[in-house]
Amino acid sequence: MTEALDRVREIAMLLPEVEERTSHGQPTFFVADRQFAQVRDDHHGDGLTVVCVRTSSADEQAMLLDAAPAIYRKPAYLGASGWVSIDLAGDDVDWTLVEDRIARSWELAAPRRLLEAGGR
């Protein structure tokens, strides 16, 4: 988990006004007190190491889950709010995709003033 968390942390902390803190026992990233990414390792014994990120809607969530079930899952608790998780285990993680989804999640959570200032 440490390597995956370090990579997610590196990606997230490059975005403006990001704060990392623990939420529900998990390393979680916030912008303006709004959560946009959470790293989970064996959450409730599921055996997975994932990053959970926002989607723009239930439709986008469903599209991602249908289009790439090997990449995306519906995470416990956050899934009901339209989030997806991306598996971070193994050597074949598409870190470019992970970076893009984290940045997109940040955009969905960030206040308008940050987006109008150029965002990422």
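This passage describes a predicted model, moving from a strand hairpin to the nonpolar core, one helix, two buried polar residues and the salt bridges.

The hairpin is a good place to begin. Strand 1, which covers residues 18-23, runs antiparallel to strand 2, residues 26-31, and six bridges join the two. Ser23 has Gln26 of strand 2 as its bridge partner. Two residues lie between the strands of this hairpin, and His24 in the turn has a positive phi of about 55 degrees.

Turning to the interior, the largest nonpolar core holds 29 residues, and those that touch the most other members are Phe29, Phe36, Val51, Val98 and Ile102. At least two residues of this core come from each of helix 1, strand 2, strand 3 (34-41), strand 4 (49-53), strand 6 and helix 3. Helix 3 gives the most, with six residues. Such an arrangement fits a familiar tendency: in soluble globular proteins, nonpolar side chains tend to be buried together. Val98 gives a closer view of the packing. With residues up to four places away in sequence not counted, Val98 touches Ile11, Val51, Ile86, Leu88 and Val93. Val51, one of these partners, is itself listed among the core residues that touch the most other members.

Helix 2, residues 58-67, has a buried side and a face turned away from it. Glu60, Gln61 and Leu64 are the buried residues to look for here. Because they cover an arc of only 100 degrees around the axis, these residues lie on the same side of helix 2. The general geometry helps in reading this pattern: an α-helix has 3.6 residues a turn, so residues three or four places apart point the same way. The buried residues of helix 2 pack against strand 5, strand 6 and helix 3. On the face turned away from the buried side, helix 2 carries the exposed residues Ala58, Asp59 and Asp66.

Just before this helix comes a polar residue worth a visit. Thr55 is placed in the loop between strand 4 and helix 2. With a relative accessibility of 9%, Thr55 counts as buried, because the cut-off for that class is under 20%. Two backbone oxygens can be found by a polar atom of the Thr55 side chain: that of Ser57 at 3.1 Å, and that of Gly82 at 2.3 Å. Leaving aside neighbours within four places in sequence, Thr55 is in contact with Glu60, Gln61, Leu64, Gly82, Trp83, Val84, Arg101 and Leu108. Among these contacts, Glu60, Gln61 and Leu64 are also the buried residues named above for helix 2.

A second buried polar residue, Ser85, is found in strand 6. Its relative accessibility is 4%, and Ser85 therefore counts as buried. Beyond residues up to four places away in sequence, Ser85 touches Val50, Val51, Cys52, Ile71, Tyr72, Arg73 and Pro75. Val51 thus appears once more, here as a contact of Ser85.

Charged side chains complete the picture, with a count of eight salt bridges in the model. Arg73, already met as a contact of Ser85, forms a salt bridge with Asp87, and the closest N and O atoms are 4.0 Å apart. This pair links distant parts of the chain, with Arg73 in strand 5 (residues 72-73) and Asp87 in strand 6 (residues 84-87), 14 residues apart. Both partners are partly exposed, Arg73 at 33% relative accessibility and Asp87 at 24%.

Other salt bridges sit within single helices. In helix 3 (residues 95-109), Glu107 and Arg104 are three residues apart, so about one helical turn separates them. Their side chains meet in a salt bridge with an N to O distance of 3.5 Å. Glu107 is partly exposed, with a relative accessible area of 23%, and Arg104 is partly exposed as well, at 30%. Salt bridges with shared partners also join Asp6, Arg9 and Glu20 into one network. Within it, the side chains of Arg9 and Asp6 meet at 3.2 Å, N to O. Arg9 and Asp6 are three residues apart in helix 1 (residues 2-13), and therefore about one helical turn separates them. Arg9 counts as partly exposed at 27% relative accessibility, and Asp6 is partly exposed with a relative accessible area of 39%.

Technical notes. Residues are numbered from 1 along each chain as its sequence is written. This is a predicted model: local features need pLDDT of at least 70, side-chain atom pairs count only at pLDDT 80 or more; totals for chains, interfaces and linings use all residues. Side-chain values use heavy atoms; hydrogens and water are left out. Two strands pair if DSSP finds at least two bridges between them. Helices (H or I, at least four residues) and strands (E, at least two) are DSSP runs, numbered from the N terminus. Buried means under 20% relative accessible area, exposed over 50%, partly exposed in between (1.4 Å probe, protein chains only). A nonpolar core is a set of buried Ala, Val, Leu, Ile, Met, Phe, Trp, Tyr and Cys residues joined through side-chain atoms within 4.5 Å. Contact means heavy atoms within 4.5 Å. A polar contact is a pair of N or O atoms within 3.5 Å; within protein, one must be able to donate a hydrogen and the other to accept it, and residues adjacent in sequence count only if both atoms are side-chain atoms. The arc is that of the directions from the helix axis to the C-beta atoms.
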